[in-house]
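The following exercises ask for a careful reading of one structure, each with a solution worked step by step. Please keep the sequence and the coordinates at hand while working through them.

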Amino acid sequence: MLFNSTDNYIASNSLKQAVNAAILLEKPLLIKGEPGTGKTMLAEELANSLDTTLIQWHIKSTTKAQQGLYEYDAVSRLRDSQLGDERVHDISNYIVKGKLWQAFTYGEQHNKRPVLLIDEIDKADIEFPNDLLLELDKMEFHVYETGERVVAKQRPIVIITSNNEKELPDAFLRRCFFHYIDFPSSEEMAQIIDVHHPHIKQDLVRQALEVFFNLREVNGIKKKPSTSELLDWLKLLMAEDIDAKTLHDKSQKGGLMPMFGALLKNEQDISLIEKLAFMSRR
Ligand SMILES: Nc1ncnc2c1ncn2[C@@H]1O[C@H](COP(=O)(O)OP(=O)(O)OP(=O)(O)O)[C@@H](O)[C@H]1O
Ligand SMILES: [Mg+2]
């Protein structure tokens with residue numbers, strides 16, 4: 001089982017090594033990187049390339065660790081008891097399996113390891129990662145209501161992503177293999193563009209990359225545009241059949257690049273770029 005770039009996803013050598021190391025060590029892979037650098041997509045493509053299932057757990061500020069294991073549906077049980085349903089006598093009918101439970105038992109049923117994505121772990125409260133230490137380490141847990149023990153006979157491949165909104169506890173970090181996705185270089189970005197827009201004109205790509213990387217370098221810019229924003233921008237430029245030459249043309253309205261709304265996401269950045277364009281015209 002080895003991970004490589006796919007038809008849809010360009011992985012750097014260091015990312016490939018990190019994924020393969022985590023698979024080998026059977027430890028969760030913690031992935032950080034700027035928004036839009038392909039963290040979530042990595043898990044999707046990894047599952048595709050290993051021909052296995054992706055089990056996705058998207059974390060929100062209200063998500064609790066217990067929800068990943070299982071939840072007890074007391075409301076349905078109460079309703080069934082009022083209706084005189086026989087099911088009510090077996091509590092296991094009301095245990096709703098969480099994503100970790102599904103991932104832990106998948107291997108045994110399908111005879112291959114699934115990919116479990118715990119996406120944006122930093123969105124949850126500070127206790128969340130600590131509450132999952134044992135489960136991710138031992139890959140087993142106890143169901144108190146039924147006395148059952150859920151054990152992963154084949155450990156899932158676990159990908160955990162974070163946007164760095166909160167620090168993760170040391171005890172949690174110790175249990176993971178870590179990789180930071182560096183922002184792609186211009187050459188890597190050209191490859192990424194190629195997998196998304198194989199028929200794009202090369203001079204448009206060249207000019208767009210120059211504008212894009214210059215924009216990321218502007219001092220004081222609040223929200224640097226990311227990979228996904230560049231891809232959106234190029235899609236619009238192609239749809240509107242915009243000529244590569246006009247991308248640098250500062251005489252356009254406000255001095256902004258065409259379709260700038262795909263790249264610039266707040267008014268401060270827009271006025272900053274307008275000011276710079278105005279100064280360079282003078
Ligand atoms: N290495 C790559 N190869 C191909 N496409 C990529 C790559 N990196 C990013 N993309 C493109 O960027 C989009 C955004 O990627 P993704 O949603 O995985 O980013 P993310 O890092 O999870 O962002 P966020 O932190 O905002 O969730 C993808 O849908 C894909 O189109
Ligand atoms: Mg993501």
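A nonpolar core is a set of buried Ala, Val, Leu, Ile, Met, Phe, Trp, Tyr and Cys residues joined through C-beta atoms within 7 Å. A residue is buried if 20 or more other C-beta atoms lie within 10 Å of its own, exposed if 12 or fewer, and partly exposed in between, with C-beta atoms placed from the backbone. The model is predicted, and local features need pLDDT of at least 70, side-chain atom pairs count only at pLDDT 80 or more, while totals for chains, interfaces and linings use all residues. Residues are numbered from 1 along each chain as its sequence is written, and chains are lettered from A and ligands numbered from 1 in the order in which they are written.

**Exercise 1.** Describe the largest nonpolar core and the elements that contribute to it.

Solution. Begin with the size: the largest nonpolar core has 43 residues, and Leu29, Leu46 and Ile159 have the most contacts inside it. Next, list the elements that give two or more residues to this core, namely H1, E1, H2, E2, helix H3 (65-69), helix H5 (99-110), E5 and E8; here helices (H or I, at least four residues) and strands (E, at least two) are DSSP runs, numbered from the N terminus. Then take leucine 46, which, leaving aside its neighbours within four places in sequence, is in contact (C-beta atoms, placed from the backbone, within 7 Å) with Phe3, Val19, Val115, Ile157 and Ile159. Finally, another core lies apart from this one and has 15 residues, among them Leu247, Met257, Phe260 and Leu264.

**Exercise 2.** Establish the strand order of the open sheet and place the helices that lie across it.

Solution. Two strands pair if DSSP finds at least two bridges between them, and on this basis 5 strands form an open sheet in the order E2-E5-E8-E1-E9, with parallel pairing. The edges are strand E2 (54-58) and strand E9 (177-180), each of which pairs on one side only, and the twist averages 20 degrees from one strand to the next. Within the sheet, strand E1 (residues 29-32) is joined to strand E8 (residues 157-162) by 4 bridges, and leucine 30 stands opposite isoleucine 160 in E8. For the angles, axes are lines fitted to C-alpha atoms, for helices over the stretch in contact, and the values run from 0 to 180 degrees between N-to-C directions. Helix H1 (residues 13-25) lies across E1, E8 and E9 and runs at about 165 degrees to E9, while helix H2 (residues 39-49) lies across E1, E2, strand E5 (115-119) and E8 and runs at about 165 degrees to E8.

**Exercise 3.** Which side chains of E2 are buried, and how is E2 paired with E5?

Solution. Start from the general expectation that in a regular strand the side chains alternate between the two faces of the sheet. Along E2, Ile55 and Trp57 point to one face and are buried, whereas Leu54, Gln56 and His58 point to the other and are not. E2 is joined to E5 by 5 bridges, the two strands running parallel, and glutamine 56 has leucine 117 as its bridge partner in E5.

**Exercise 4.** Follow the chain through methionine 139 into the hairpin of E6 and E7.

Solution. Methionine 139 lies in the loop between helix H7 (133-138) and E6, and its phi is near 55 degrees, a positive value in a residue other than glycine. Methionine 139 counts as buried because 20 other C-beta atoms lie within 10 Å. Strand E6 (residues 140-143) and strand E7 (residues 148-151) run antiparallel and are joined by 4 bridges; phenylalanine 141 has valine 150 as its bridge partner in E7, and glutamate 140 has valine 151. The hairpin has 4 residues between the strands, and glycine 147 takes a positive phi near 75 degrees.

**Exercise 5.** What surrounds ligand 1?

Solution. The shell has 17 residues, the closest being Pro35, Gly38, Lys39, Thr40 and Met41, where near means a C-beta atom, placed from the backbone, within 6 Å. H2, helix H9 (186-196) and helix H11 (227-239) each supply at least two residues of this shell.

Definitions and conventions: Contact = placed C-beta atoms within 7 Å.
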